[in-house]
Amino acid sequence: MKILSSTPAWDAAPPEVWHDWQLRRLRDYLSHRVLPFSAHYRQLFKEHDLAVQDILSLEDWANAPFTSKSDLTVPRDQQRDFVLMPAEAQLSREWSVIWNALRHGRAAAKEALEEEFRPVMLTSTTGRSSDPVPFLYTKHDLANLDITGRRLMECGRSQRDFRHVNAFPFAPHLAFWQTHHAGLGFGTFMVSTGGGKSLGTEGNINLIDRIQPDVLIGMPTFMYHLLREAVEKGKHWPNIKRVVLGGEKVAEGLRARLVNLVHELGSEKVSIISTYGFTEAKMAFPECPTESGASGFHLSPDLALIELVDPRTGSPVPAGYPGEIVFTPLDARGTVVLRYRTGDIAEGGMTWSRCPHCGRTCPRLLGPISRVSEVRELHLDKVKGTLVNFNILEHLLDDQKGVAAWQIELCKRHDDPLEVDELILHVAPEPGMNADDLEQRIHRRFAEVTEIHPNAIHLHDLPDMRERLGIGRLLKEVKLLDRRKQNNPTGSLRTRD
Ligand SMILES: [Zn+2]
């Protein structure tokens, strides 16, 4: 879209510049790309009697309807309604097309349109419960993936002469492709190993041994597993300067453990950098390296408009307050969703203040990021249900000293569907931990933080635990295993969204 003459520098322009720019870009994008070419949004805007002329401020935009996961889990032919598909007749009215045809000829104009609109790739969501939803990319989107990839590299203070290892699984998922395009966009050396699934832990370790990379990129659980094994094998990897994590969220406790492991591998100075991305965004947002703590995720205000809303009411939250992340692309082609409700909460809110670590002025999402829907009802006695926030339990366990890996299993007592719910905690202790000691500490911590306690704590060794969690086998590890449903076809499980 060459409608706006100049785009401010993504990480240097002040907030007031962006405020006006994003509104203008949103209006242009809706009028020239989304509404003419997206069957879904054309219909939705009509149903809501909404027109671009009505959107005079970003506050007006906050009244536009949301898109949710459920809108996308529809039959395939309806999913196509989210793809920008121009008809030739509509396109010939486009000023830029006419201009192109005059200047470069018809063939060149046709080629430009193909690049902008023809889907050439897809990634898909990794829902545990629902069918995967495909997101189509055109070459235009791949160019943007290069741009956001380069920003990941710049924000992470990588250097072109660094060597990178991409250990995300080979899969049609954003994490792998964003990383691949980060290497291309930045113009640097990167080896993709495919993670544990394709080469095995051993294969990854051998490859890393030969390459001696400066930057390791992958899923947090796999990175932890890999580095641990490397330490056990007595490897020497003194070049590692960054460990970049994506695909799932990162606990504060894990960062410290990764730093220690890298130190043991012989590297003195390493930063653990986390990224936040999701299929629907078709991009990921980086942290920058810090001396301590997390910088927040640096957003690309030229490519996306991000809002935080109250997950119950859907109203925007005041600046700095936690809220559900709502995403609108400003330059996407292929599959496009507007005001997409991610179901993710930015607990620290969103800020436009200058990043104290790198000095960038782009907006930042401050974590930790938790899921909206992880409040579940447990029937711990026959009297009434208890709402349990599993995000809190997750933070508790991730930060618990002595716990190397864990899983919560929800089941029915004696596997009897009519019985009460039970919470079994599976734990792999850190080496050298006293088991009784650890159990006591976990019980104490549960009592301090929640009104529930595990009915039992089962200890496992790490390989057993990795098997339970599906590490290397599943893309997302199963940290909360809810077995109540399979014993209880009527389903006492209720999620509160
Ligand atoms: Zn920063």
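Start your tour at His414, which sits in the loop between strand 18 (403-412) and strand 19 (421-429). Helices (H or I, at least four residues) and strands (E, at least two) are DSSP runs, numbered from the N terminus. You are looking at a predicted model, in which local features need pLDDT of at least 70 and side-chain atom pairs count only at pLDDT 80 or more, while totals for chains, interfaces and linings use all residues. Residues are numbered from 1 along each chain as its sequence is written, and side-chain values use heavy atoms, with hydrogens and water left out.

**Stop 1: His414 and its strands**

Keep His414 selected for a moment. Its phi is positive, about 55°, although His414 is not a glycine. For background, most residues other than glycine have a negative phi. His414 counts as exposed because its relative accessibility is 69%; exposed means over 50% relative accessible area, buried under 20%, and partly exposed in between (1.4 Å probe, protein chains only).

Now select strand 18. Here 10 of the 10 residues are buried, so strand 18 is largely enclosed by the rest of the structure. Strand 18 pairs with strand 19 in the antiparallel sense over 9 bridges; two strands count as paired if DSSP finds at least two bridges between them. To see one of these bridges, pick Cys411, whose partner in strand 19 is Glu422. Strand 18 also runs parallel to strand 21 (residues 480-482), joined by 3 bridges, and there Ile408 has Leu480 as its bridge partner.

**Stop 2: the six-stranded sheet**

Next, select strands 3 to 8. These 6 strands form an open sheet in the order 4-3-5-6-7-8, with mixed pairing. Strand 4 and strand 8 (283-286) are the edges: each has a single partner strand, so one side of each is left without a neighbour in the sheet. From one strand to the next, the twist averages 20°.

Which residues stand opposite His164 in the neighbouring strands? In strand 4 it is Met190, and in strand 5 it is Val215. Around His164, strand 3 (residues 163-166) and strand 4 (residues 189-192) pair in the parallel sense over 4 bridges. Strand 3 is also parallel to strand 5 (residues 215-218), with 3 bridges between them. Step on from Val215 and you find Arg242 opposite in strand 6; strand 5 and strand 6 (residues 242-245) are paired in parallel over 4 bridges.

**Stop 3: helices around the sheet**

Add helix 10 (residues 174-186) to your selection: together with strand 3 and strand 4 it makes a right-handed β-α-β unit. Right-handed means that, with the strands pointing away from the viewer, the path from the first strand over the helix to the second runs clockwise. The 13 residues of helix 10 should span 18 Å at 1.5 Å a residue, and the end C-alpha atoms are 17 Å apart, which agrees; the expected span is 1.5 Å times one less than the number of residues. Buried residues of helix 10 include Leu174, Phe176 and Phe186. Just after the helix, Gly187 has a positive phi of about 75°.

Helix 9 (residues 139-155) lies across strand 3, strand 4, strand 7 (271-278) and strand 8, at about 15° to strand 8. Such angles run from 0 to 180 degrees between N-to-C directions, with axes fitted to C-alpha atoms, for helices over the stretch in contact. In the loop between helix 9 and strand 3, look for Arg157, whose phi is also positive, near 50°.

**Stop 4: the cores**

Select Met223, Leu227, Trp237 and Val243, which touch the most other members of the largest nonpolar core, one of 46 residues. A nonpolar core is a set of buried Ala, Val, Leu, Ile, Met, Phe, Trp, Tyr and Cys residues joined through side-chain atoms within 4.5 Å. Helix 12 (residues 220-232) gives the most to this core, with 6 residues. Apart from this core lies another, of 34 residues, including Trp18 and Tyr340.

Helix 12 lies across strand 5 and strand 6, running at about 130° to strand 5.

**Stop 5: a smaller selection**

Finish with strands 9, 14 and 13, an open sheet of 3 strands in the order 9-14-13 with antiparallel pairing. Strand 9 and strand 14 (residues 364-365) are joined by 2 bridges, and Phe297 is partnered with Leu365. Your last pick is Pro368, in the loop between strand 14 and strand 15 (369-371); a cis peptide bond joins Gly367 and Pro368, with omega about 0°.

Conventions: Contact means heavy atoms within 4.5 Å.
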